[in-house]
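Q: I would like a close look at the empty space in this protein and at the helix packing around it. Please take the pocket first, then the helices, then the enclosed spaces and the backbone.

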Amino acid sequence: MCGIVGYTGGQEASPLLLDGLKKLEYRGYDSAGIAVQNDGVLRMIKASGQIANLVEKTDGGAALPGFTGIGHTRWATHGAPTDTNAHPHMSNDGKFAIVHNGIIENYAALRQELTDRGFVFRSETDTEVIVHLLDMYYRGDLKAAVMHTAARLEGSYALGVLCADQPGKLCAIKMASPLILGVGVGENFFASDVTALVSHTKNVIYLEDGEFAELTPENITVYDCTGKPVSHSVSRVVWDVEAAEKGGYDHFMLKEIMEQPRALKATIEPRIRNGRIVLDDFDDAFRVCFADVRRIVITACGSAYHAGMVGRYLIESLCRVNVEVDVASELRYRDPIIDDQTLLIAVSQSGETADTIAAIKEGKNRGAKVLSIVNVVGSTIAKLSDYVIYTWAGPEIAVATTKGYTTQLAVLDLLSVWMARERGLLTGERYDELVKGILALPERTQRSIDLNPQTGYLAERYRDNTSLFFIGRNMDYAVGLEASLKLKEISYLHSEAYAAGELKHGTIALIEPGRLVVALACLDSLFDKTMSNIKEVKARGAKVMAVAREGSRRIFTEADDALFVPATDPLLTAIPEIVPLQLFAYYVAKANGCEIDKPRNLAKSVTVE
Ligand code: AGP
């Protein structure tokens, strides 16, 4: 939520900041702004709406000359998305400008204190207290002012600070919000995410919570919260520039759907060696930990939670271990039964989701071991966990996750087969069959894309349905949950997913002539049951679009239309099954003229509770 970027070096800062903000726009896009230092003066320009408005207002950056600056793209929490509430925020005397991602929980008390001391507030944001604190504590020593200010703040913050008195200098401070330093030659950067850095440098420093850094064109010095310098090694980012570009596609979402075969290959293949699943470099350590595990709790939000739902079916079926799946924002509010024999599996694309972080902390406090499935290297969730399995999906820019979700499923496939073998629950033959099935998933996913050229046409046909239902049983149900979320978040159509057998217990009252029901029927063992549920809604006039196995003719005895999924082991069906539904959601949103990559009210990484 919110993206920040900073630059100091020999180039004009504004165009670089605008470019960085475009890369971070998926983090929030209701307003944006930049501030630049020039000849001892700070100047800033802000604009509500998307970054394009800011680009126009700054004449592509030409309106704000200078070699050191900061920028921000906002997802509003405190105060409406107006120009005034947009960041940067400036001190009353114009000496400081700051950008902030996070939430200052004690801002009300600080605001009162600062108002009593005569500081004038211009915005409704929690952030503005920070800039006045800096102003209050500054006596010519930026480091001291930053330390005093940070000591007063409660909450989460990634902060960028610009001071009129300190030519060429930037300050970056991190507490529970992502912040990465980019190490260049004669220039240095900071940003919320590596996507804003990779076109300039692949050398980065991951700050720890409580640390802050001073950046000049030649140097970066990192300090702990007491002001003691700390040394950090420079890491090399593996993502390349093209990964964060649209590459000829109309939208990042479509590009990311099409990238899934490659992302799955990158996630799966390095983990299968000589026909055996290997959990990266912690295979042996995790084996010892897993020997004591009596129950598994999977926790996550949104699509990652839906991946967890698939994981439950997989793990329970293969490993015979009790698995609970809990929405991360609820887990800690229900006194969960978690102890030192519990394995907590946290799933998160961004690795920064505040609710998932809180759930992990809750689990750790109760003695659980934490294994996380994360896409972003060095993210907070990765750092908090005992074991991390990275999904190698590459940067995911579209707010609606696609390759992030399917690579999470691939890791859950690998993990559950690994665990089942560990428990001695698989014959050698079944193990080999599942490993082969997992290795085939990239190809099956490509087949799923190729099999369904009719998705665009079906989207046109059903785009006017303002309310629809997804039904399915078992794994089909779990996939339906994700398909429904995909559709509603980008096309704004009301949709709900139901366990197919549950519909008749109330919700069937909403089925009326013409209502679209998407029926997922890819599991042979449950096909007849789901067909009965299809008949029930057809009898009430619903239109049915089914998702069925390639070659299934019987589906057309009831369904009006169908999408097809290639034959796969039933336990591994979720990945190829979601693909045509991702495409369906994409084409419905496109047909309805929706803002696909940046749907209203959403942000990619939800760093507030
Ligand atoms: C999915 O399309 C959403 N953008 C959202 O539900 C997302 O999956 C959720 O916020 C969790 O994010 P995470 O995977 O980064 O933790």
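A: What follows starts at the largest pocket and works outward from there. The model is predicted.

Start with the pocket. The largest pocket has a volume of about 560 Å³. Its lining counts 26 residues. Closest to the centre are Cys301, Gly302, Ser303, Lys604 and Val606. By class, the lining of this pocket splits into eleven nonpolar, eleven polar and four charged residues.

Which elements each supply at least two residues of that lining? They are helix H9 (302–319), strand E20 (342–348), helix H11 (354–365) and helix H17 (475–491). H9 gives the most, with three residues.

H9 is worth following further. Its packing partner here is helix H13 (residues 403–422). The axes of H9 and H13 come within 9 Å and cross at roughly 20°. An angle under 35 degrees counts as roughly parallel, so H9 is roughly parallel to H13. The crossing of the two is right-handed.

The contact list is as follows. On the H9 side it holds Ser303, Ala304, His306, Ala307, Gly308, Val310, Gly311, Leu314, Ile315, Leu318 and Cys319. On the H13 side it holds Tyr405, Gln408, Leu409, Leu412, Asp413, Ser416, Val417, Met419 and Ala420. By class, the contact of H9 with H13 has 13 nonpolar, six polar and one charged residues. Ser303 turns up twice: it is among the residues closest to the centre of the largest pocket, and it is part of the H9 contact with H13.

H13 also packs on helix H14 (residues 428–439). Their axes lie 11 Å apart, at an angle of about 170°. Angles over 145 degrees count as roughly antiparallel, so H13 is roughly antiparallel to H14. From H13, the residues in this contact are Asp413, Leu414, Val417 and Arg421. They meet Tyr431, Leu434 and Ile438 in H14. By class, this contact has five nonpolar, no polar and two charged residues. Asp413 and Val417 belong to both lists: they meet residues of H14, and they also meet residues of H9.

One more helix pair is found earlier in the chain. Helix H3 (residues 107–116) and helix H4 (residues 128–137) have axes that come within 10 Å and cross at roughly 45°. H3 and H4 are therefore oblique to each other. Their crossing is left-handed. H3 brings Tyr107, Leu110, Arg111, Glu113 and Leu114 to the contact. H4 brings Val129, His132, Leu133 and Met136. The residues of this contact divide into six nonpolar, one polar and two charged.

Now the enclosed spaces. How many cavities of 30 Å³ or more are there? The count is three.

The largest cavity holds about 100 Å³ of space. It is lined by 15 residues. Nearest its centre are Cys2, Thr77, His87, Gly102 and Asp126. Strand E6 (residues 96–104) gives the largest share of this lining, three residues. By class, the lining of the largest cavity has four nonpolar, nine polar and two charged residues.

The second largest cavity holds about 50 Å³. Its lining is made of Val5, Gly6, Tyr7, Leu16, Leu17, Phe189, Ala196, Leu197 and His200. Strand E1 (3–8) and helix H1 (13–24) each supply at least two of these residues. E1 has the largest share, three residues. By class, the lining of the second largest cavity has seven nonpolar, two polar and no charged residues.

Two backbone details remain. Most residues other than glycine have a negative phi, and most peptide bonds are trans. Here are two exceptions. The peptide bond from His87 to Pro88 is cis, with omega near 0°. Pro88 sits in the loop between strand E4 (68–74) and strand E5 (89–90). His87 links back to the cavities, as one of the residues nearest the centre of the largest cavity. The other exception is Ala176, with a positive phi of about 60° although it is not a glycine. Ala176 is in the loop between strand E8 (170–175) and strand E9 (180–183).

Technical notes: Residues are numbered from 1 along each chain as its sequence is written. This is a predicted model: local features need pLDDT of at least 70, side-chain atom pairs count only at pLDDT 80 or more; totals for chains, interfaces and linings use all residues. Side-chain values use heavy atoms; hydrogens and water are left out. On a 1 Å grid over the protein atoms alone, a cavity is a set of points where a 1.4 Å probe fits but cannot get out, and a pocket is an open set with protein on both sides within 12 Å along at least five of seven lines; lining residues have an atom within 4 Å of a point. Grid points are joined across faces, edges and corners, and a volume is the space filled by probe spheres set on the points. Helices (H or I, at least four residues) and strands (E, at least two) are DSSP runs, numbered from the N terminus. Ala, Val, Leu, Ile, Met, Phe, Trp, Tyr, Cys and Pro count as nonpolar, Asp, Glu, Lys and Arg as charged, and the others, Gly among them, as polar. Axes are lines fitted to C-alpha atoms, for helices over the stretch in contact, and angles run from 0 to 180 degrees between N-to-C directions. Angles under 35 degrees count as roughly parallel, over 145 as roughly antiparallel, 65 to 115 as roughly perpendicular and the rest as oblique. A crossing is left-handed if the near helix is turned anticlockwise from the far one by less than a right angle, and right-handed if clockwise. Contact means heavy atoms within 4.5 Å.
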